Amino acid sequence: METPDLSDDVYAAQAVYSRIVLAVYDLAVLGFSNRFLWRCPTSRLLALYNGHVTANHLDVGAGTGYFLDRCTFPGPSPRIALLDLNDNCLQRTSTRIARYHPEIIRANVMEAIPYTGQRFDSISMSYVLHCLPGSIQSKARSLDHVTDLLHPGGVVFGATLLSQGVRRSLAARCVMEAYNRRRIFSNRSDSLTGLRDALSQRFVWFGLATVGSAALFWGAKA
C-alpha cells in the first residue's frame, strides 16, 4: 500500500498564518482559546518553556514568538534558531526577539531537515503536532526529524491538542471539528495513548501531562 502524499495538507495548515492572523494570534489564541476553549492557560505553556529551555535552543513552529519573548533563558545571550515553513511566522518572531539575533531555518518538519549547523540542547514544538496531517504515528516522524538536530542528552518539549484521552468541552469539540474541516488542525484521531507510544519509542525518558484538551510533553535524546 502506498504512503499518501500529505504535503498539500502540511502547506494548507501553515497557510492560515497570514500577517493579519498573526496580528491577533496572541489575543485570540493565547488569550482566549487557551483559557476558555482548550482549558490550558498560556501560563502553563510558559512554565513548560521555563522548565526545559536551554541557552542553545531551536523553536519549531515559530508562531509569534510569544514564549521566546517571555521565557527565562539560563544565560543573558542564548543561541536561538527558528524553524517554520511559513515566512510570516519567521519574520514576525525574528523581529520580536531581534535582541537574540535568531538564526532562521525554513523547513517542513515532516521531511528530513536540511541543516548542517551546530546541534541544539533543547527544541520546542508548541502547538505543532495537531496541525500536521496524518495519524499520530505518521506525524510523529517530525519528532525524528527534529531529534536529529539535538545533542545527545538534549530535550524536545512541547504541547499539542488531542481529540481522545483528554477533557474537551462541547465548545472545544465544535471548534476543533471546524478547524479540522478547514485543514487548520488535523487531529481527529490524535489520542493520549498514541502520543505516549510515540514518545516512548523515541526517547530514553519522557514526561506527559494533560491540561484540559492539551497534552504537554518532554523527552530526552539518548
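Helices here are DSSP runs of at least four residues, numbered from the N terminus. The model is predicted, and the tour below goes from the largest pocket to the salt bridges and then to some single residues.

**Stop 1: the largest pocket**

Start with helix 2, residues 19-37. Helix 2 supplies the largest share of the lining of the largest pocket, 8 residues. The volume of this pocket is about 860 Å³. To centre the view, select Tyr17, Tyr25, Gly63, Tyr127 and Cys131, which are the closest to the pocket centre among the 45 residues that line it.

Next, colour the elements that give two or more residues to the lining: helix 1 (7-15), helix 2, helix 3 (42-52), strand 1 (56-60), helix 4 and strand 2 (79-84). Then colour the lining by residue class. The lining divides into 32 nonpolar, 10 polar and 3 charged residues.

**Stop 2: Thr93**

Keep Gly63 on screen, since it is among the residues closest to the pocket centre, and add Thr93. Thr93 sits in helix 5, which covers residues 87-96. Is Thr93 buried or exposed? Its relative accessible area is 0%, so it counts as buried.

Show the Thr93 side chain together with the backbone of Gly63. A polar atom of that side chain is 3.1 Å from the backbone oxygen of Gly63. Now select the contacts of Thr93, leaving out residues up to four places away in sequence: Ala62, Gly63, Thr64, Gly65, Leu68 and Leu82.

**Stop 3: Asp69 and its arginines**

The model has 9 salt bridges in total. For one of them, select Arg96 and Asp69, whose side chains meet with an N to O distance of 3.3 Å. Arg96 belongs to helix 5 and Asp69 to helix 4 (residues 66-70), so this pair ties together parts that are 27 residues apart in sequence. Both residues are partly exposed: the relative accessible area is 25% for Arg96 and 26% for Asp69.

Add Arg99 to the selection. Asp69 also forms a salt bridge with Arg99, with the closest N and O atoms 2.9 Å apart. This pair links distant parts of the chain, with Asp69 in helix 4 and Arg99 in the loop between helix 5 and strand 3 (103-106), 30 residues apart. Arg99 is partly exposed, at a relative accessible area of 46%.

**Stop 4: Arg188 and Glu177**

Move to Arg188 and Glu177, another salt bridge, in which the closest N and O atoms are 2.8 Å apart. Where does each partner lie? Arg188 is in the loop between helix 8 (170-181) and helix 9 (192-200), while Glu177 is in helix 8, and 11 residues separate the pair along the chain. Arg188 is partly exposed, with a relative accessible area of 46%; Glu177 is partly exposed as well, at 28%.

Before leaving the salt bridges, select Asp26, Asp69, Arg96 and Arg99 together. Salt bridges with shared partners join these four into one network.

**Stop 5: Ser163**

Return to Arg188 and add Ser163, which is in contact with it. Ser163 lies in the loop between strand 5 (150-161) and helix 8. With a relative accessible area of 13%, it is under the 20% limit and is therefore buried.

Show the backbone of Asn187. Its oxygen is 2.6 Å from a polar atom of the Ser163 side chain. Setting aside neighbours within four places in sequence, the contacts of Ser163 are Arg168, Met176, Asn187, Arg188 and Asp190.

**Stop 6: Ser18**

Select Ser18, in the loop between helix 1 and helix 2. Ser18 is partly exposed, with a relative accessible area of 26%. Its side chain reaches the backbone nitrogen of Val21 at 3.2 Å.

For a distance check, draw a line from Ser18 to Ser43. Their C-alpha atoms are separated by 25 Å, and the two residues are 25 apart along the chain.

**Stop 7: Ala47**

Finish at Ala47, which is in helix 3. Ala47 is partly exposed, with a relative accessible area of 45%. Draw a last line from Ala47 to Gly165: C-alpha to C-alpha the two are 23 Å apart in space, and they are 118 residues apart in sequence.

Methods. Residues are numbered from 1 along each chain as its sequence is written. This is a predicted model: local features need pLDDT of at least 70, side-chain atom pairs count only at pLDDT 80 or more; totals for chains, interfaces and linings use all residues. Side-chain values use heavy atoms; hydrogens and water are left out. Buried means under 20% relative accessible area, exposed over 50%, partly exposed in between (1.4 Å probe, protein chains only). A polar contact is a pair of N or O atoms within 3.5 Å; within protein, one must be able to donate a hydrogen and the other to accept it, and residues adjacent in sequence count only if both atoms are side-chain atoms. Contact means heavy atoms within 4.5 Å. On a 1 Å grid over the protein atoms alone, a cavity is a set of points where a 1.4 Å probe fits but cannot get out, and a pocket is an open set with protein on both sides within 12 Å along at least five of seven lines; lining residues have an atom within 4 Å of a point. Grid points are joined across faces, edges and corners, and a volume is the space filled by probe spheres set on the points. Ala, Val, Leu, Ile, Met, Phe, Trp, Tyr, Cys and Pro count as nonpolar, Asp, Glu, Lys and Arg as charged, and the others, Gly among them, as polar.
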